[in-house]
Amino acid sequence: LNSIALMGRLTREPEFRTTPDQIPVTTFTIACDRDFSGRETERKTDFIDCVAWRGTAEFVEKYFHKGNIIVIEGRLQMRTWTDKDGGKHEQAEIHADNVYFGNNNKREV
């Protein structure tokens, strides 16, 4: 089972593009605060890369902006690539199947 749900704040404007086959795709990063635990006095934040495809990509691009709170349901997927110098890289990203509006103080929709 590979299922994940996250809520966080968009760290930048979503980046919308289409593939060579004209499939819409939007990439974005969210900041998710961790819960306080034990003796910690400072909140820690994880920055998580996300990608949405097709209608979900168009929805994110149209209605979400930097600073908005977004709720995501999807799956964790590893992406691998080789750079121009032959170095191999691997990155975890969330493939968003569903996205929802979080509780924003000021909605810009």
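Reader: Let's dive in with a pair of strands. Which residue stands opposite Thr18 in β3?

Author: That's Pro24. One thing to keep in mind from the start: this is a predicted model.

Reader: What makes β2 and β3 a pair?

Author: Bridges do. Two strands pair if there are at least two bridges between them. β2 and β3 have four bridges, so they count as paired, and they run in the antiparallel sense. Together they form a hairpin with five residues between them.

Reader: What is odd about the phi of Gln22?

Author: Phi of Gln22 is near 65 degrees, a positive value in a residue other than glycine. Gln22 sits in the loop between β2 and β3, in the turn of that hairpin. Arg54 is another case: its phi is positive too, about 55 degrees, although Arg54 is not a glycine. You'll find Arg54 in helix α1, which covers residues 54–63.

Reader: Why is Gln22 called exposed?

Author: The cut-off for exposed is over 50% relative accessible area. Gln22 has 56%, so Gln22 is exposed.

Reader: And what about Thr19, buried or exposed?

Author: Thr19 is found in the loop between β2 and β3 as well. Its relative accessibility is 14%, and buried means under 20%, so Thr19 counts as buried. Leaving aside neighbours within four places in sequence, Thr19 is in contact with Val25 and Trp53.

Reader: How do you know that Met78 is neither buried nor exposed?

Author: Met78 has a relative accessible area of 44%. Buried needs under 20% and exposed needs over 50%, so 44% falls in between and Met78 is called partly exposed. Met78 belongs to strand β5, residues 69–82.

Reader: Which residues does Met78 touch, not counting residues up to four places away in sequence?

Author: Those are Glu90, Gln91 and Ala92. Thr56, by the way, is 22 residues from Met78 in sequence and 20 Å from it in space, C-alpha to C-alpha.

Reader: What makes β5 and β6 partners?

Author: The test is at least two bridges. β5 is joined to β6 (residues 88–101) by 13 bridges, so the two strands pair, and they run antiparallel. As an example, Thr80 stands opposite Glu90 in β6. β5 and β6 also form a hairpin with five residues between them, and Gly86 in its turn has a positive phi of about 90 degrees.

Reader: How many bridges join β1 to β5?

Author: Six, and these two strands run antiparallel as well. One of the pairings puts Ala5 with Glu73, its bridge partner in β5.

Reader: Why do Cys32 and Cys50 not count as a disulfide?

Author: A disulfide needs two cysteine sulfur atoms within 2.5 Å. The sulfur of Cys32 is 7.3 Å from the closest cysteine sulfur, in Cys50, so that is too far for a bond. Seen from Cys50, the closest cysteine sulfur is the one in Cys32, at 7.3 Å. By this rule the count of disulfides comes to zero.

Reader: What makes Cys32 and Cys50 buried?

Author: Under 20% relative accessible area is what it takes. Cys32 has 8%, so Cys32 is buried. Cys50 has 2%, so Cys50 is buried too.

Reader: What is the volume of the largest pocket?

Author: About 190 Å³. Of the 15 residues that line the largest pocket, the closest to its centre are Arg17, Thr27, Val51, Arg79 and Glu93. The strands β2, β3, β4 and β6 each supply at least two residues of that lining. By type, the lining divides into five nonpolar, four polar and six charged residues.

Reader: How many helices and strands does the whole protein have?

Author: One helix and six strands. Along the sequence they follow the pattern β-β-β-β-α-β-β. The C-alpha trace spans about 45 × 35 × 30 Å along its principal axes.

Reader: What share of the 109 residues counts as buried?

Author: It's 29% of the residues. As for contacts between residues at least 6 apart in sequence, 56% of them join residues at least 24 apart.

Technical notes. Residues are numbered from 1 along each chain as its sequence is written. This is a predicted model: local features need pLDDT of at least 70, side-chain atom pairs count only at pLDDT 80 or more; totals for chains, interfaces and linings use all residues. Side-chain values use heavy atoms; hydrogens and water are left out. Buried means under 20% relative accessible area, exposed over 50%, partly exposed in between (1.4 Å probe, protein chains only). Contact means heavy atoms within 4.5 Å. On a 1 Å grid over the protein atoms alone, a cavity is a set of points where a 1.4 Å probe fits but cannot get out, and a pocket is an open set with protein on both sides within 12 Å along at least five of seven lines; lining residues have an atom within 4 Å of a point. Grid points are joined across faces, edges and corners, and a volume is the space filled by probe spheres set on the points. Ala, Val, Leu, Ile, Met, Phe, Trp, Tyr, Cys and Pro count as nonpolar, Asp, Glu, Lys and Arg as charged, and the others, Gly among them, as polar.
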